[in-house]
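Thanks, everyone, for making the time. I would like to walk through one structure with you, beginning at its surface and then moving to what lies inside.

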Amino acid sequence: MTKLARHPLWQLTLWRVREFTREPEAMFWIFVFPVLLAIALGVAFQNRGMSKTRVAVENLPDAEAIFAMLDSAPSIEPVLLDPDEAFYRLRTGRVALVVRPGTPVVFQYDSTREESLVARLVTDRAIQQASGRRDVRIIRDERVNEPGSRYIDFLLPGLLGMGIMGTGMWGVGFGIVKARKERLLKRLLASPMRRSQFLMGFMLSRLVFLGGEVGLLLLFGALVFGVPVRGSIAAVTSIVVLGALAFSGLGLLVASRSKTIEGVSGLLNFVMVPMWIGSGVFFAYSNFPEVIQPFLQALPLTALNDALRAVMLDGVGLSATLPLLGIMLVWGVGSFGLALRIFRWH
C-alpha cells in the first residue's frame with residue numbers, strides 16, 4: 001500500500017464516497033432528479049415552432065369579420081366569446097387580449113403583462129394587414145390593471161397552495177420519521193392508543209399553524225399588492241383546511257415506512273416537486289401538452305390552487321368548487337387509509 005493510500009485524508013475521503021454511494025436517495029437527487037426536472041420543464045416550455053397568442057373576440061356585431069382576420073394570422077389563436085366570458089378569461093390569464101369589434105376596434109389588455117403587450121402588437125398588425133395595411137382600422141386601447149388580472153394575483157394563490165402543501169407534508173413526514181428514529185414510536189406502541197388516533201393527531205396538529213400561515217400571506221398580499229379576496233373568507237377557510245388535511249394525509253403515507261431523515265426527504269421531494277412544476281403555482285399548467293393536462297388537473301395541489309383562485313379572484317361560492325374539493329377529499333381520505341394499513345412503528 002502506497003503512502004498516499006495510507007494517508008488519513010485519503011481514507012476519510014474514500015470512506016465518505018463509499019457511504020454516499022450506498023445512499024440511493026442521495027444518488028437519485030444528484031444524478032436522476034436534475035434530468036427529470038429538465039424533461040418536465042422542457043415539455044412545458046418546449047419549442048413548438050411559432051407560439052400562438054390566445055386572443056378573445058367579443059361576440060358582437062362585426063365579430064365574425066374580426067375573427068376571420070385574426071384566424072388567418074399564423075401567430076394568433078382567436079376564440080369567439082361573450083363579453084363577460086372574454087373579460088373573465090383576461091382576468092384569469094387564459095387569454096392575453098380581448099378584442100371588442102366596432103368603430104374603433106377596442107383592445108382590452110393588461111399593460112403590465114409582457115404577453116399582453118406582444119398580443120396587442122401582433123393583433124393590431126393582423127387586423128391592419130387584413131384591412132389593407134396603412135393602419136386603416138382605428139384602434140383604441142383599453143388597458144386593464146385592476147386587482148385580479150395581474151400576475152401577482154395569479155401567483156399568490158399558487159404560493160398559498162404551495163405553502164399549505166409544504167407545511168402539511170414536511171411537518172408530518174419529518175415528525176414521524178424523527179420519532180421513529182429516536183425510538184419514541186416504539187414506546188408509544190405500549191400505550192392504549194390506536195394507530196388511527198396517533199396518525200390523526202399528526203394531521204390535526206398541522207391545523208394549529210395554518211391560520212397564521214394563510215392569514216399572514218393573504219394580509220401581505222392585500223396590503224402590499226392589493227390582491228383581492230372577492231369570495232367569502234369562510235369559503236377560503238374551508239378550502240384551506242381541506243387542502244391541509246389532504247397534504248397531511250400524503251405526508252403520513254410517505255413517512256409510513258421511512259426510517260431516516262434522508263430517506264423521507266427524498267420521498268417528499270419526489271412527491272412535491274412534480275406538483276410545484278405542473279400544478280400551476282408559477283405558470284399555468286396549460287403550457288403542458290393537452291394529453292397530460294387531465295393528469296395535472298387530478299393532482300391535489302392543482303385542485304387547491306384552482307379552488308383558491310376561483311374564490312379569491314372570481315368571487316365564486318364554495319358550491320362552485322365542489323369538484324375541486326372532491327379531488328382533494330379523495331387524495332386525503334385515500335392517502336390516510338393507505339397510510340393506516342402500511343404504517344410501521346419500528
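The accessible surface of the chain comes to about 18,400 Å², and 64% of that area belongs to carbon and sulfur atoms; please keep in mind throughout that this is a predicted model. Of the 346 residues in the chain, 41% count as buried.

Staying on the outside for a moment, there is a nonpolar surface patch of about 510 Å², made by Leu 219, Phe 220, Leu 223, Val 224 and Phe 225. Leu 223, which lies in helix H10, counts as exposed because its relative accessibility is 66%, and the cut-off for that word is over 50%. In soluble globular proteins, nonpolar side chains tend to be buried together.

Turning inward, what does the largest nonpolar core look like, and which residues have the most contacts inside it? This core has 50 residues, and those with the most contacts within it are Ile 164, Met 169, Ile 239, Phe 247, Leu 304, Leu 308 and Met 328. The elements giving two or more residues to it are helices H7, H10, H11, H12, H14 and H15, with the largest share, twelve residues, coming from H11.

Met 328 is a useful example: leaving aside neighbours within four places in sequence, Met 328 is in contact with Ile 239, Leu 242, Gly 243, Ala 246, Pro 300, Ala 303 and Leu 304. There is also a second, separate core of 18 residues, which includes Met 69, Ile 76, Leu 97 and Tyr 109.

As for the chain overall, it has 15 helices and five strands, and among contacts between residues at least 6 apart in sequence, 73% join residues at least 24 apart.

Note on methods: Residues are numbered from 1 along each chain as its sequence is written. This is a predicted model: local features need pLDDT of at least 70, side-chain atom pairs count only at pLDDT 80 or more; totals for chains, interfaces and linings use all residues. Side-chain values use heavy atoms; hydrogens and water are left out. A nonpolar core is a set of buried Ala, Val, Leu, Ile, Met, Phe, Trp, Tyr and Cys residues joined through side-chain atoms within 4.5 Å. Buried means under 20% relative accessible area, exposed over 50%, partly exposed in between (1.4 Å probe, protein chains only). Helices (H or I, at least four residues) and strands (E, at least two) are DSSP runs, numbered from the N terminus. Contact means heavy atoms within 4.5 Å. Accessible areas come from the Shrake-Rupley method with a 1.4 Å probe; for residues, only the protein chains shown count as cover. Patches are made of residues with over 30% relative accessible area and no salt bridge: like charges are joined within 9 Å, nonpolar side chains (Val, Leu, Ile, Met, Phe, Trp, Tyr) within 5 Å. A salt bridge is a side-chain nitrogen of Lys or Arg within 4 Å of a carboxyl oxygen of Asp or Glu.
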